[in-house]
Amino acid sequence: MNRNIDNVCLVPSSLLLPEISYKYREVNDRLLSCLENNEIWFAKLQSFNDPFEPARIFSGTPYGNMLKNDIDESGILCLCKSNLNLAMWSYYGNGLRGIAIGYNTEYFLRTLEPVKLHKNEYNPRWRYVFDMKYDDNELGPIEEMSLLFNNEMTDLERQKMFATKSNVYSHEDEFRIVIKPQVTFLDENPESQWLSTSGLYKHSQDSIKEIIFGELCSKLDRQRIKQILANRKINYKEVVRSKNSFTIELRDDLE
């Protein structure tokens with residue numbers, strides 16, 4: 001992947017992203033709309049199923065409160081590095097009844113932008129890409145002063161804030177794209193305000209390179225998805241259960 005993408009910051013700076021990254025999805029009307037309109041949802045950490053998110057320890061000073069606001073108002077997208085993650089197929093792919101969308105990571109990052117810009121928003125939204133750290137002992141205070149510098153310690157504290165989870169989740173093989181809140185000035189208020197960055201984002205249709213169907217995805221759902229994505233250069237695959245072990249295998253889509 002090209003590491004020099006405008007308004008993208010990799011954390012840590014040595015992070016190597018896969019050429020293709022995956023989002024596991026249940027087939028429903030929301031998914032079909034997102035595929036048709038080349039959109040994807042960035043959520044707030046408060047909506048995640050991990051009860052320790054977004055629990056972080058700050059100083060309570062104005063600077064500490066600003067950092068806490070960074071977490072609370074950021075838009076976050078979780079992706080997986082693998083298309084053969086059985087746990088992710090079970091949790092988010094509806095038990096092999098759903099799909100995994102394979103995005104060209106570089107195209108995706110280059111073309112990602114909000115569906116609706118705020119009228120007072122003038123600066124591009126920075127995209128921070130985090131590798132996940134899994135550590136049961138990392139729920140300590142944030143070293144806030146380290147975040148004022150751009151060095152190795154800064155990366156460690158950013159990762160602690162946005163991309164650290166218990167070891168129990170290490171099987172998810174996750175990385176995250178975080179879009180931090182914007183500071184803007186509203187017409188009716190001369191003081192700066194925080195603009196939340198969660199919500200719908202659009203991307204180039206060329207970002208989607210693969211659709212991987214779960215073995216139990218219905219024929220109707222497969223047909224609907226292929227119809228929406230007709231005339232695009234997309235590689236269709238299927239994940240099926242192995243016959244002699246608790247594993248899954250990737251093969252060409254036979255439908």
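Colleague: Is K81 buried, partly exposed or exposed?
Modeller: This is a predicted model, and the relative accessible area of K81 in it is 28%. Buried would need under 20% and exposed over 50%, so K81 counts as partly exposed.

Colleague: Which side chain meets that of K81 in a salt bridge?
Modeller: The two side chains come to 2.8 Å, N to O. A salt bridge requires a distance within 4 Å. The partner of K81 is D131.

Colleague: How many residues apart in sequence are the parts that D131 and K81 tie together?
Modeller: D131 belongs to strand β7, residues 127-131. K81 sits in the loop between β4 (75-80) and α3 (86-91). The pair therefore ties together parts whose separation in sequence is 50 residues.

Colleague: What is the relative accessibility of D131?
Modeller: D131 counts as partly exposed. Its relative accessibility is 21%.

Colleague: What separates K160 and E157 along their helix?
Modeller: K160 forms a salt bridge with E157, with 3.4 Å between the closest N and O atoms. Both K160 and E157 are buried. They lie three residues apart in helix α5 (residues 152-162), so the separation is about one helical turn.

Colleague: Which residue forms a salt bridge with D253?
Modeller: The closest N and O atoms of this pair are 2.5 Å apart. D253 is in the segment after β16 (248-252), and its partner is in helix α6 (residues 219-228), 27 residues apart. D253 is buried at 13% relative accessible area, while the partner is partly exposed at 23%. That partner is K226.

Colleague: Which residues are joined into one network by salt bridges that share partners?
Modeller: Here the salt bridges have partners in common. The network consists of E53, K165, E172, E174 and R176.

Colleague: How many salt bridges does the structure hold?
Modeller: The pairs D131 with K81, K160 with E157 and D253 with K226 are among them. The structure holds 19.

Colleague: Why is C80 without a bond to the closest cysteine sulfur?
Modeller: C80 is buried, with 0% relative accessible area. A disulfide needs two cysteine sulfur atoms within 2.5 Å. The closest cysteine sulfur, in C78, is too far for a bond because its distance from the sulfur of C80 is 11 Å.

Colleague: How many disulfides does the structure hold?
Modeller: C217, buried at 5% relative accessible area, is in no disulfide. The cysteine sulfur nearest to C217 is that of C34, 16 Å away. For the structure, the number of disulfides is zero.

Terms used:
Residues are numbered from 1 along each chain as its sequence is written. This is a predicted model: local features need pLDDT of at least 70, side-chain atom pairs count only at pLDDT 80 or more; totals for chains, interfaces and linings use all residues. Side-chain values use heavy atoms; hydrogens and water are left out. Helices (H or I, at least four residues) and strands (E, at least two) are DSSP runs, numbered from the N terminus. Buried means under 20% relative accessible area, exposed over 50%, partly exposed in between (1.4 Å probe, protein chains only).
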